[in-house]
Amino acid sequence: MSKRKAETVEIPVDPSDVLEFTNLGAGNEVGRSCHIIQFKGKTVMLDAGVHPAYTGLAALPFYDEFDLSTVDVLLISHFHLDHAASLPYVMQKTNFRGRVFMTHPTKAIYKWLLSDFVRVSNVGPDDQLYEEKDLLASYEKIETIDYHSTVIVDGIKITPYHAGHVLGAAMFFIEIAGVKILFTGDYSREEDRHLNVAEVPPEKPDIMITESTYGTAAHQPREEKENRLTHLIHSTLRRGGRALLPVFALGRAQELLLILEEYWTNHPELHSVPIYYASSLARKCMAVYQTYINMMNDNIRRKFREGQEKGEGRNPFIFKHIQSLRSLERFEDVGPCVMLASPGMLQNGVSRELLERWCPDPRNSLLVTGYSVEGTMAKHILNEPPEIQSLSGQALPRRMQVEELSFAAHVDGRQNQEFIHAIGARHIILVHGEQNNMGRLKSNLMSHYKGNDQVKIYNPRNCEPLQLPFRSDKIAKTIGSLATKPPANGVILSGVLVQKDFGMSVMAAEDLREFSGLVTSIVVEKQRVRFGAGVSLLVFHLEQMFGAVRKELDEEKRPMFKVMDTVTIRCVEEYELEIEWVGNVMNDSIADAVLAILLGVESSPASVKLTNQSCSHSHYPSHANVTPALRLERVLMFLEAQFGEWLTSTDVGCNIVVDDHKASVNLETLEVECGFEPLRSRIKAVLERAVGTVAPFARFEEESDRDDEEVKEEDEDTR
Ligand SMILES: [Zn+2]
Ligand SMILES: [Zn+2]
C-alpha cells in the first residue's frame, strides 16, 4: 500500500481571521497578570494585577503598550493582588471604558482586600496607584457573573467555571466569533477542605491559556503534606518556639485554618497553646466566607448542614481554637504560639515585623506554605541565609528554622499536564510562571505532543503578540422580502449585506430600515471636462467602447447622450462637457471609462485623421459642407484605425488581408468582397458605423428638432 503524503497549500491568511494574544504581564513571570485577546474587532482583557516584588507604577502590567480604550470586556479571575490589584487604576486612571466582570465572592472580597492594599502599600503618596475613593468608584461599576451561566457582551460569550484556587476563583470559557478560549487563571485540581476542584468545561476550546506556576515540579500528596505541617508546628511548640506562617490574608489561609482547627480539636494537650490569625482583613472577610458556603464543596456544605441539624448553628468558618488578632499592639508575646500573618511574601506589615522579631531564636520556625515570587523576602529566606536585612536596614541573624511546604492552590506539573490533555485544545499558551519553570513545562508538553503537529505550545514574553490564524466560512442569512422566495439553484440573490457582531444577513435595500435601523441614500456624481473635439467623434469613440449610445434631450432641450443607461453626457459650456451618474461601484467604473475616452479622444490617431476642426460656436462641428470625396477619405481613416497594418489602399477603396483571408472594399459602392464570411461581416459593420458617424451632424440636429416638436405635440395631447 502506498502512503500518500498530505500536501499543504499556503493560502494567504485574511487579517480579519487572525486572533492576537498579548501578555501585558505574567509572560515568563509570576505577578501583574494581564492578557489581551483581539479577534474580529473585539478585545477581551484577562486580569489586572500588580507585581508583588515591585511598588508603585513599576508594579503595573505594561498598560502603556496598549490602547485600553479598545477593550470591550475585562474579566477578573480571582481576588489575589497579582490578578486584581490594578483594576481600580485601570478603571479610574486610564481611558479604559469596557465592562468588568467577576464572580460574587470575588467582588465581595475585592473591596476589603484592595482597601487593605491601599492602606498597607509601603509607598509614598506620589507612588500610590490609586486612593480609597477610586476603589469605591470602580467597585460600583463591576458586574457580577455566576458560575456556569453565560453572559453575552457585544457578541462575546463568557461562562465562568470553578477554578479550585480560592473562594470565587473562576476559569473563563470565552467564545468570540466561533473561536473558543479557556483561560484557567490560577487553578487547582486537588480536593481540599472547602473548595470545588477546577472543572473540565463541557465544550472543547481551540485555545487554552493556562498558568504554569509550578512548571514540572511535583506536590507532595495532600495527606503527607498536612502531616508534615502539623508535625513541624507540634515540634516547634514542644521546644517552646513560635511558629510563623506568612500567608496571603485570603485563600489558602482559610484552608490552613480549617486544618489547624481540626488538629487542635483532636489534640486536647494543645488547647492551652493559642493560634492567632493576625489579619483584620481576614476577620472582615470571614463574613464573606460564611455567606458563600453554597459556592464551596460538598465537604464544607455537609459540615454546615450537620451543624444546623444538631441545632449548634455552627458555621465551619467560626473557629473554636483560633483567635483573630486585630493588631500587634494587642498581642502578648509571652510563649509558644502559632501565628498566621499576612502578607504572604514577607514584604512588609505584620508578617515581616514578626519575622524580624523572631528570626534570631533557633526555637522558632518559619513555615512558607505559599508560592514565593522572585525578588521577595519569602523567596530569599528559603535559601536559609545566615542573616537577613530588616526594613530599617539592620542586619539580623537568622537562626530560626525555615521550611517550605507547597500548600499553594496551584496545580503541580503532573496535574497541569493531565488537565491540559483533558481539555484537548490545539493551541496551548503558558502564562503565570517563572521563565525556567515555564520552559520545563513547555518542553515536557512538546515531547508529549511530538509527531502531532496539530497541537502547538507557546510561552510568549510580555508585549510580544502571538498571532493565531482561524479561517472560517462566512455565512449570511437572507431576511425580509428576500427570504420570501425559496432558494433555487443558479439563482443569484442580491441585496445589502449587514453585519452585526459576527452574524451577517442579506436583505433587500427596502428592508434595511425595518431590520437594521439603517437608511439608504443615493449619491449623484458630476464631473466637468474640457472637450475640444466634435460630438461625432465623441459618439464614435463611445460607441466603439460601449455599443449604441442613446441620444436624448434634457429639460433645457439640450442634446445629451446616455452611455449604457448609466452615464449622462451634456454639453454645458463651450468646450465643456458635464458627466453625471449615480455613484456605485459598477457605475463608477463605467464613468471612469467614459472619462478616459473623453480625455483620449483628441489624441487618438483616428480622431487626428478624422478632423482637426474644433467646436463651432454651437459646440458641435459642422459636417454639412463636407464633400463626398472628403467623406470617403474619412471612412477610409476609420478602416485604417480598425485594421491598421492589414490595410492597403486601392483606386476605389482598399484591400484588407487578415490571416490569409483577403477582402476588397469599394468605398464608392460600400461593397465588401470576401470569401471568408466572418471577416466580411466585420468589415461591413465597421463600414456602416463609419458612414453613420461621418454623416453630417446637421442630420442629428434636424432629428433633435423634430424630436422636440414631437414632444410638444405629445404635451398638447395630454392636456
Ligand atoms: Zn492566585
Ligand atoms: Zn496568581
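Colleague: What makes R352 count as buried?

Modeller: In this predicted model, R352 has a relative accessibility of 7%, and because buried means under 20% relative accessible area, R352 counts as buried.

Colleague: How do you know that E356 and R352 meet in a salt bridge, and where do the two residues lie?

Modeller: The distance from N to O between the side chains of E356 and R352 is 2.9 Å, and since a salt bridge requires a side-chain nitrogen of Lys or Arg within 4 Å of a carboxyl oxygen of Asp or Glu, the pair qualifies as one. Both residues belong to helix α9, where they are 4 residues apart and thus separated by about one helical turn.

Colleague: What does the salt bridge of D333 with R357 tie together?

Modeller: The closest N and O atoms of D333 and R357 are 3.1 Å apart. D333 lies in the loop between β14 (322–324) and β15 (337–341), whereas R357 sits in helix α9 (residues 349–358), so the salt bridge ties together parts that are 24 residues apart in sequence.

Colleague: Why is D333 called partly exposed?

Modeller: The relative accessible area of D333 is 24%, and because partly exposed covers what falls between the limits of 20% and 50%, D333 is placed in that class. R357, with a relative accessible area of 39%, is partly exposed as well.

Colleague: Turning to the metal site, which residues are the protein donors of the zinc ion (ligand 1), and why is their arrangement called irregular?

Modeller: The donors are H78 (NE2), H80 (ND1), H165 (NE2) and D186 (OD), lying 2.1 to 2.3 Å from the ion. The 4 donor atoms subtend angles of 91 to 167°, and because a tetrahedral arrangement needs all angles between 85 and 135 degrees, that description does not fit and the arrangement is irregular. D186 also coordinates the zinc ion (ligand 2), which is 3.4 Å from the zinc ion (ligand 1).

Colleague: Is H165 buried or exposed?

Modeller: H165 has 2% relative accessibility, so H165 counts as buried against the limit of under 20%. H80 is buried too, with a relative accessible area of 12%.

Colleague: What makes strand β10 mostly covered, and how does β10 pair with β9?

Modeller: Of the 5 residues in β10 (residues 179–183), 5 are buried, with V179, I181 and F183 on one side and K180 and L182 on the other. Strand β9 (residues 170–176) and β10 pair in the antiparallel sense over 5 bridges, and because two strands pair if DSSP finds at least two bridges between them, that requirement is met.

Conventions: Residues are numbered from 1 along each chain as its sequence is written. Chains are lettered from A and ligands numbered from 1 in the order in which they are written. This is a predicted model: local features need pLDDT of at least 70, side-chain atom pairs count only at pLDDT 80 or more; totals for chains, interfaces and linings use all residues. Side-chain values use heavy atoms; hydrogens and water are left out. Buried means under 20% relative accessible area, exposed over 50%, partly exposed in between (1.4 Å probe, protein chains only). Donors are N, O and S atoms within 2.8 Å of the metal (3.2 Å for Na, K and Ca); water is not among the atoms, so sites may look incomplete. Four donors count as tetrahedral if all angles lie between 85 and 135 degrees; four count as square planar and six as octahedral if opposite donors are over 155 degrees apart and all others between 65 and 115; anything else is irregular.
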